[in-house]
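Here are a few exercises on cysteines and aromatic rings. Keep the viewer open and try each one before you read its solution.

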Amino acid sequence: MRVLYFHQHFSTADGATGTRSHEMARRLVARGHQVTMVCGSYDAAHTGLDGAFTRGRRRGDVDGVDVIELELPYANDHGFVRRTWTFVLFAFSSVWIALREPLDVIVATSTPLTAGIPGIVARWVRRRPFVFEVRDLWPELPRAMGVISNPVVLTLMSWLEWLSYHSAVRCIGLAPGIVDGIAARGVDRERITLVPNGCDFDVFSPSDDRSSRAEFLPSVGEGDFVAIFMGAHGVANGLDAVLDTAAELQRRGRSDIRLVLIGRGKLKATLMERAAAEQLPVEFLEPVPKRQLARLLAGVDAGLMVLADVPAFYHGTSPNKFFDYIAAGLPVVNNYPGWLAGMIEDNECGHAVPPGDPGAFADALEALADDPEARRRMGLRARELAEREFGRDQLAERFIGVLEEAAR
């Protein structure tokens, strides 16, 4: 089976972003399929290609995957207009590739929503089966956040969403709410499969080795409790909640609880300015490549799941960071309701606190800091959950099964 796979933000584990598409592509190759991956140049990613671009692209073999990287730079801190223009350029450059490359099935993964355009073209022009993998519900999320309010833009996006879902012979949703959102647009549930993000056990594992703490966090004491957030620093992430919690911990005199934010985004400078002005015990780091991130996580005590209080997020996201935390055997503190909060509570592998409540957030961190044995048990249960439900191999079986069925 020849698979043409579109993911604008594709990365290997040498990058500082999610590697789901790389892991799925590698397993497709191991199954005997041919995979061509088409991507852009995301600043947090590493595609595995280092040669010069020729006429706006470079191409090469990465772990058996034929990777085509388009010279279309993208970063989370780019402005809205620039990011939108990059999305459009990638989509229409991808259409040209979708019309020319040999394929038996085409896969496109969002975000952005425009990623579905080459799949739509291949479905109706070349009559090839199209599988659409949906990582976020657009335009529902930007509408709910107030990021996009122009009715014309929202109408066009809604039309593209509907066309993408109905052009696909199969849809893959990364969270229960995403599956429900696809079905709400009139897609038969038999054509939708839930395949959440997964855990990379070859990268992350529980560890008692704290030697990495001095390397990555030299200002943190050996006996301090460290909770870490990894990801974009944007409007959707609601990271002022972490700073509010840091202020509450400071009022309580808990200088031994340190909070670390890793990543980039348009609000990072603002967050750093606030933390400095209020002298909050928060440390900011640049993104860390995934392979190095495993060593960093070995030196911390808990992972933070933080999002803006937007109901559309509650069941409609599947963040990479959660699966990295539990693979590393870390208890998780989550500050928004939904399927992940329910999973944390049901499996007793952390704390779920209400949004907008820095006192409850601080209580959860104090409970973990003050009871190392309970923290250890939560970490063990987190790893057990990871192994039981979210191994890459078992999720890849589901993913590959969808593609093989679509190709038939």
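**Exercise 1.** Which residues do ring pairs link into a cluster?

Solution. Keep in mind that this is a predicted model. Ring pairs join Tyr42, Tyr74 and Phe87 into a cluster. The total for the model comes to seven aromatic pairs.

**Exercise 2.** Classify the ring pair of Tyr5 and Phe399, then place both residues in the fold.

Solution. Start with the geometry: the ring centres of Tyr5 and Phe399 are 6.1 Å apart, and their planes meet at 20°. Planes under 30 degrees apart count as stacked, so this pair is stacked. Next, find the elements: Tyr5 is in strand 1 (residues 2-6), and Phe399 is in helix 16 (residues 392-407). The pair therefore ties together parts that are 394 residues apart in sequence. Finally, check the surroundings: Tyr5 and Phe399 are both buried.

**Exercise 3.** Now work out the geometry of the pair formed by Phe322 and Phe323.

Solution. The distance is 5.2 Å centre to centre, with 90° between the planes. An angle over 60 degrees counts as edge-to-face, and that is the class of this pair. Phe322 and Phe323 are both buried.

**Exercise 4.** How many disulfides does the count come to?

Solution. The count comes to zero disulfides. Take Cys199 as an example: the nearest cysteine sulfur belongs to Cys349 and is 11 Å away, whereas a disulfide needs sulfur atoms within 2.5 Å. Cys199 is buried, at a relative accessible area of 1%. Cys39 is buried too, at 0%.

**Exercise 5.** Which residue lies over the face of Trp124?

Solution. Look for Arg123, which sits over that face at 4.8 Å from the ring centre.

Terms used. Residues are numbered from 1 along each chain as its sequence is written. This is a predicted model: local features need pLDDT of at least 70, side-chain atom pairs count only at pLDDT 80 or more; totals for chains, interfaces and linings use all residues. Side-chain values use heavy atoms; hydrogens and water are left out. Buried means under 20% relative accessible area, exposed over 50%, partly exposed in between (1.4 Å probe, protein chains only). Rings of Phe, Tyr and Trp (its six-membered ring) pair if their centres lie within 6.5 Å; planes under 30 degrees apart count as stacked, over 60 as edge-to-face and the rest as tilted. Helices (H or I, at least four residues) and strands (E, at least two) are DSSP runs, numbered from the N terminus. A charge sits over a ring if NZ of Lys or CZ of Arg is within 6 Å of the ring centre and within 35 degrees of the ring normal.
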